[in-house]
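Hello,

Here is the structure for your next round of work. Please open it first, then read the notes below.

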Amino acid sequence: MPRLAVYALVVCLLAVAAAVVSFVEGSALIGVVWILLAGLSSNMTWYYVRRARATGPDTPATD
C-alpha cells in the first residue's frame, strides 16, 4: 500500500474516532465536521490505492 494511502487511512480512522467522541460529548455540529473529514480522507485512500494499482509493480508511484 502506498505511503500516502496509509497516511490518509490513519487520518480517516482518527477522524472517525474524533466524531464518536464529539457525538458522545453532545457536540453534533463538530461531529458532522469530523464525519465529513473522514469521508474525504477515505476517498483519498481509495484514490491512492487505485493509482498505485494502475501504475503496476514495475513503475514506482510518485508521491
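**Notes on the model**

Thr 45 counts as buried, because its relative accessibility is 8% and buried means under 20%. Please keep in mind that this is a predicted model. Thr 45 lies in helix α2. Leaving out residues up to four places away in sequence, Thr 45 touches Ala 5, Ala 8 and Leu 9.

**The chain as a whole**

The chain has two helices and zero strands. Helix α1 covers 3–25, and helix α2 covers residues 28–55. The chain has 63 residues, and 22% of them count as buried. Its accessible surface comes to about 4,700 Å². Carbon and sulfur atoms hold 70% of that surface.

How much of the contact set is long in sequence? Take the contacts in the chain with a separation of 6 or more: residues 24 or more positions apart account for 52% of them.

**Ser 41 and Cys 12**

Ser 41 is also in helix α2. Is Ser 41 buried or exposed? Its relative accessibility is 3%, so Ser 41 counts as buried. Beyond its neighbours within four places in sequence, Ser 41 is in contact with Ala 8, Val 11 and Cys 12. One polar detail belongs here. The Ser 41 side chain reaches the backbone nitrogen of Cys 12 at 3.3 Å.

Now the other end of that contact. Cys 12 sits in helix α1. Cys 12 is buried too, with a relative accessible area of 13%. Not counting residues up to four places away in sequence, Cys 12 touches Ala 38, Ser 41 and Ser 42. Ala 8 turns up twice, in contact with Ser 41 and with Thr 45.

Two C-alpha distances may be handy as checks. Cys 12 and Trp 34 are 9.2 Å apart, C-alpha to C-alpha, with their positions 22 residues apart in sequence. Val 16 and Gly 31 are 15 residues apart along the chain, and their C-alpha atoms are separated by 8.9 Å. Val 16 belongs to helix α1. Val 16 is partly exposed, with a relative accessible area of 37%.

**The aromatic pair**

How many aromatic pairs does the structure hold? There is one. The pair is Tyr 47 and Tyr 48, with ring centres 5.3 Å apart. Their planes stand at 65°, so the pair is edge-to-face; the cut-off for that class is over 60 degrees. The two rings belong to residues with unlike burial classes: Tyr 47 is partly exposed at 48% relative accessible area, whereas Tyr 48 counts as buried at 18%.

**The nonpolar surface patch**

Which residues form the nonpolar patch on the surface? They are Met 1, Val 6, Tyr 7, Leu 9, Val 10, Leu 13 and Leu 14. Together they have about 710 Å² of accessible area. Met 1 lies in the segment before α1. Met 1 is exposed, with a relative accessible area of 68%. Leu 9 links this patch to the opening note: Leu 9 is a patch member, and Thr 45 touches Leu 9.

**In short**

Ser 41 of helix α2 meets Cys 12 of helix α1 through a side-chain to backbone approach at 3.3 Å. Thr 45, Ser 41 and Cys 12 are buried, at 8%, 3% and 13% relative accessibility. Met 1 is exposed and is part of the nonpolar surface patch.

Best wishes

How values were computed: Residues numbered from 1 in each chain as written. Predicted model: local features only at pLDDT ≥ 70, side-chain atom pairs only at ≥ 80, totals over all residues. Heavy atoms only, no water. Patch = residues over 30% accessible without salt bridge, like charges linked within 9 Å, V, L, I, M, F, W, Y side chains within 5 Å. Areas by Shrake-Rupley, 256 points an atom, 1.4 Å probe, with all protein chains shown as cover. Salt bridge = Lys/Arg side-chain N within 4 Å of Asp/Glu carboxyl O. Helix = DSSP H or I, 4+ residues; strand = E, 2+ residues; numbered from the N terminus. Buried < 20%, exposed > 50% of the residue type's maximum accessible area, 1.4 Å probe, protein only. Polar contact = N/O pair within 3.5 Å; in protein donor to acceptor, adjacent residues only side chain to side chain. Contact = heavy atoms within 4.5 Å. Phe/Tyr/Trp six-rings, centres within 6.5 Å; stacked < 30°, edge-to-face > 60°.
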